[in-house]
Amino acid sequence: MNAATNPSDSRKPLILALPNGRILGEVMPLLRRFGITPEPAFEDPGSRQLRFATSEPELDLIRVRSFDVATFVAFGSAQLGIAGNDVLMEFDYSEIYAPLDLDVGHCHIAVAATADWAAREDVGRASHIRVATKYPEITRRHFAARGIQAECIKLNGAVELAPCLGLCQHIVDLVQTGATLKANGLLEIERIAEVSSRLIVNRPALKTRPEEVGGWIERFREAIGQQRRETRIRRPATLREV
């Protein structure tokens, strides 16, 4: 699956793939904690640039869709990345190693249904259901383990609309606060898995460039540890104020 190893690769900057959207805002303070500052175009909303140099000459950043982070890393086009374990569960790439939970991007994967359906039916008694989701593999595995055949309709966005428009009765999607479900007349009826963002690395790159890739793993590990220590120190003061 991975691109052929080029002898000159060891002289090229490593590439860290970052996800667009909410997670990016949570990850950047962590990167800045250990001195990673991207070039100005990274913060320019009008820029169409997708690859960025950083204050570390040996590290470049790319900014892609969350699902694509795993693909770039699995195929070796990026040596490092940040992806939710929902993405890792969906694709299950053997070429990806996920050494660290970054303790950001917390949410969960859940099954939801229309409120009227949830009030009168039990999904556990069904033998076949139709589900709209952007996670067809997770969905099929989850229901198959319970002896239920899930017919998955793949949607990449606005999944909550599917039951409202009669496409299906159930969805499987990420849930953070539940506000979007509620606004669209849906109820969470089952939680599949907790989700947070992980540092991921390409396994062949870890073997061919162990000092560089391993060094970045340790820098992330130290930054996470420092962040957790600072959180523990601040917590007592917060409690006293309350």
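## Cysteines

At 6% relative accessibility, Cys-168 counts as buried; here buried means under 20% relative accessible area, exposed means over 50%, and partly exposed covers the range in between, calculated with a 1.4 Å probe on protein chains only. The structure is a predicted model, in which local features need pLDDT of at least 70 and side-chain atom pairs count only at pLDDT 80 or more, whereas totals for chains, interfaces and linings use all residues. Residues are numbered from 1 along each chain as its sequence is written, and side-chain values use heavy atoms, with hydrogens and water left out.

A disulfide is defined as a pair of cysteine sulfur atoms within 2.5 Å, and by this rule the model contains zero disulfides. Cys-164 takes part in none, since its nearest cysteine sulfur, that of Cys-168, is 9.4 Å away. Cys-168 is likewise in no disulfide, its nearest cysteine sulfur being that of Cys-164 at 9.4 Å. Unlike the buried Cys-168, Cys-164 is partly exposed, with a relative accessible area of 41%.

## The buried face of helix H5

Helices (DSSP H or I, at least four residues) and strands (E, at least two) are DSSP runs numbered from the N terminus. Helix H5 spans residues 136-144, and its buried residues are Pro-136, Ile-138, Thr-139, His-142 and Phe-143. Viewed down the helix axis, these residues fall within an arc of 160 degrees and therefore line one face of H5; the arc is taken from the directions between the helix axis and the C-beta atoms.

The buried residues of H5 pack against one helix, H3 (85-91), and against the strands S6 (107-114), S7 (128-133), S8 (149-154), S9 (170-175) and S10 (186-195). Contact in this sense means heavy atoms within 4.5 Å.

## Aromatic pairs and a charge over a ring

Seven aromatic pairs are found in a search of the whole structure. Rings of Phe, Tyr and Trp (its six-membered ring) count as a pair if their centres lie within 6.5 Å; planes under 30 degrees apart are stacked, those over 60 are edge-to-face and the rest are tilted. One of the pairs is tilted: Phe-34 and Trp-216 lie 6.0 Å apart centre to centre, with 50 degrees between the planes. Phe-34 is in the loop between helix H1 (22-33) and strand S2 (51-53), and Trp-216 is in helix H9 (residues 210-241), so the pair ties together parts 182 residues apart in sequence. Phe-34 is buried at 13% relative accessible area, and Trp-216 is buried at 4%.

Phe-67 and Phe-91 form an edge-to-face pair, with 5.6 Å between centres and 80 degrees between planes. Because Phe-67 belongs to helix H2 (residues 66-74) and Phe-91 to helix H3, this pair ties together parts 24 residues apart in sequence. Phe-67 is buried at 17% relative accessibility, whereas Phe-91 is partly exposed at 32%. Both residues belong to one aromatic cluster with Phe-75, Tyr-93 and Tyr-135.

Arg-63 lies over the face of Phe-42, at 4.7 Å from the ring centre. The criterion places a charge over a ring if NZ of Lys or CZ of Arg is within 6 Å of the ring centre and within 35 degrees of the ring normal.

## Positive phi values

Most residues other than glycine have a negative phi. Asp-103, however, has a positive phi near 60 degrees. Asp-103 is located in the loop between strand S5 (96-101) and S6 and is partly exposed, at 34% relative accessibility.

Ala-158 also has a positive phi, near 50 degrees. This residue is found in the loop between S8 and helix H6 (161-164).
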